[in-house]
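Here are a few exercises to work through with the model open beside you. Try each task before reading its solution.

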Amino acid sequence: MSKVVIFKGSPRKNGYTTKLLDQVAKGAKSKGAEVIEFDLNNPGIRGCQGCFYCRTHDGCAVNDYLQPMYKAIAEADAIVFGSPIYMYQITGQAKIWLDRTFPMVEELPHKFIPRHAGKKLITIFAQGSLDPKKGAEAIKYVNNIFNVFGWNLEDCIHYCGTDEEVFNELSLRAFKDGENLVV
Ligand SMILES: Cc1cc2nc3c(=O)[nH]c(=O)nc-3n(C[C@H](O)[C@H](O)[C@H](O)COP(=O)(O)O)c2cc1C
């Protein structure tokens, strides 16, 4: 059975990012995938403590809500990440999570070696402005980090504004993305 792990970076349970992520989950489940979700707005999440445990171990020393995600990622076939654009960046909640993904790479002098490469990846972003350039730098930044992890970007959805028709089209695309995650 395919395993999909979804990271939800919006505090809005009924916002665009969450809805699009839910469509990916629906698509994946419709093809029989097991879907595990992490709400990055959970108050039980601590930021990276900079202890460098993950430089010598494949894991994290912080024992909190996110701790089960390391096993979930290791076992996953696909990773899905979504965040709104806040102040031209991903949300603070999503950034705190991103720091906690440092165990995804082992560090050799002058290079990072992925510990959990080869996952399929979908990324999803929503922003208020109609101008996609506003969120473009943040999206490039996040997708580049996932690329260092060896995760293969299958689709990147960037919803700009509030147009319902555009949103409905992207919802369908997100559902299909979810279906396509399942081999
Ligand atoms: C604190 C904050 C900062 C924001 N900064 C931006 C921004 O820099 N650019 C932009 O286009 N929209 C910005 N927005 C608007 C959100 O991106 C927009 O409302 C988006 O739809 C939220 O995603 P969600 O519906 O998934 O929660 C901001 C919203 C908040 C609350």
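The expected span of a helix is 1.5 Å times one less than its number of residues. Keep in mind that the structure is a predicted model.

**Exercise 1. Compare the expected span of α1 with the distance between its end C-alpha atoms.**

Solution. Start with the count: α1 has 15 residues. With the rule above, these residues should span 21 Å. Then take the end C-alpha atoms of α1, which are 21 Å apart, so the two values agree.

**Exercise 2. Decide whether α1 is mostly covered or not, and list its buried residues.**

Solution. A residue is buried if 20 or more other C-beta atoms lie within 10 Å of its own. By this test 12 of the 15 residues of α1 are buried, and the helix is mostly covered. The list reads Y16, T17, T18, K19, L20, L21, D22, Q23, V24, A25, G27 and A28. Next, look for their partners: these buried residues pack against the strands β1, β2 (34-39), β3, β7 and β8 (152-160), and against α5. Finally, step past the end of the helix, where G32 follows with a positive phi near 95°.

**Exercise 3. Describe how α1 packs on helix α5 (residues 164-180).**

Solution. Two packed helices are described by the angle between their axes and the distance between the axes. Here the axes come within 6 Å and cross at roughly 40°. The crossing of α1 and α5 is right-handed. Now turn to the residues: on the α1 side they include Y16, L20, V24 and A28, and on the α5 side F167, L170, A174 and F175 are among them. Sorted by class, the contact divides into nine nonpolar, five polar and five charged residues.

**Exercise 4. Find the residues closest to the ligand and the elements that contribute to its shell.**

Solution. The ligand is surrounded by 16 residues, and the closest are G15, T17, P84, G128 and S129. Two or more shell residues come from each of α1 (16-30), β3 (78-86) and β7 (120-127). By class, the shell holds seven nonpolar, seven polar and two charged residues.

**Exercise 5. Is V5 buried or exposed, and which residues does it touch?**

Solution. First place V5: it sits in strand β1 (residues 3-8). V5 has 21 C-beta neighbours inside 10 Å, so it counts as buried. Leaving out residues up to four places away in sequence, V5 touches I36, A72, I73, A76 and I79. As a last step, check D77: it lies 72 residues from V5 along the chain, yet their C-alpha atoms are separated by 8.3 Å.

Key
Residues numbered from 1 in each chain as written. Predicted model: local features only at pLDDT ≥ 70, side-chain atom pairs only at ≥ 80, totals over all residues. Helix = DSSP H or I, 4+ residues; strand = E, 2+ residues; numbered from the N terminus. Contact = placed C-beta atoms within 7 Å. Near = placed C-beta within 6 Å. Nonpolar A, V, L, I, M, F, W, Y, C, P; charged D, E, K, R; others polar. Axes fitted to C-alpha atoms, helices over the stretch in contact; angles between N-to-C directions. Left-handed = near helix turned anticlockwise from the far one by under 90°.
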